[in-house]
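User: Hi! Could you walk me through this model with a few short questions and answers?

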Amino acid sequence: MRKIKKINGFLVVKFNDREKREYEGTALGEYGVIDAEVYTGNLDIDRGAMEYDDADTLEVAVELARGLESVTFSYNNAV
């Protein structure tokens, strides 16, 4: 996995070819979104903590991360 962007505490990551081959048939996309605080860089560990792991494009992954940003932001402001 390679970190691409950080959006309000969430990382958008791109899966490498080896990871895609190893997880073939499990709906793993090109990109994923994970909380930056739990990211280890090891897909075997991180996959269970992924908010999303099935985005086919960077644009979709960024939008998914932004959606998490609004939920987190709204929750933190409500508390």
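Here is the walk-through, starting with the ground rules.

Analyst: Happy to help: this is a predicted model, where local features need pLDDT of at least 70, side-chain atom pairs count only at pLDDT 80 or more, and totals for chains, interfaces and linings use all residues. Residues are numbered from 1 along each chain as its sequence is written, and side-chain values use heavy atoms, with hydrogens and water left out.

User: In what pattern do the helices and strands of the protein chain follow each other along the sequence?

Analyst: Helices (H or I, at least four residues) and strands (E, at least two) are DSSP runs, numbered from the N terminus. The protein chain has 3 helices and 4 strands. Read along the sequence, their pattern is β-β-α-β-α-β-α.

User: Which residue in β2 is the bridge partner of Lys3?

Analyst: Strands β1 (residues 2–7) and β2 (residues 10–14) run antiparallel and are joined by 5 bridges; strands pair if DSSP finds at least two bridges between them. The two form a hairpin with 2 residues between them, and Asn8 in the turn has a positive phi of about 45°. In β2, the partner of Lys3 is Val13.

User: Does Asp53 count as buried or exposed?

Analyst: Asp53 sits in strand β4 (residues 50–55). Buried means under 20% relative accessible area, exposed over 50%, and partly exposed in between, using a 1.4 Å probe and protein chains only. The relative accessibility of Asp53 is 17%, so Asp53 counts as buried.

User: What is the length of the polar contact that joins the side chains of Asp53 and Arg47?

Analyst: Contact means heavy atoms within 4.5 Å. Leaving out residues up to four places away in sequence, Asp53 touches several residues, including Phe15, Tyr31 and Arg47. A polar contact is a pair of N or O atoms within 3.5 Å; within protein, one must be able to donate a hydrogen and the other to accept it, and residues adjacent in sequence count only if both atoms are side-chain atoms. For the side chains of Asp53 and Arg47, the length is 2.6 Å.

User: What separates the C-alpha atoms of Lys20 and Glu30?

Analyst: Lys20 lies in helix α1 (residues 17–22) and is partly exposed, with a relative accessible area of 21%. Not counting residues up to four places away in sequence, Lys20 touches Lys14, Phe15, Leu28, Gly29 and Glu30. Lys20 and Glu30 are 10 residues apart along the chain, and their C-alpha atoms are separated by 7.8 Å.
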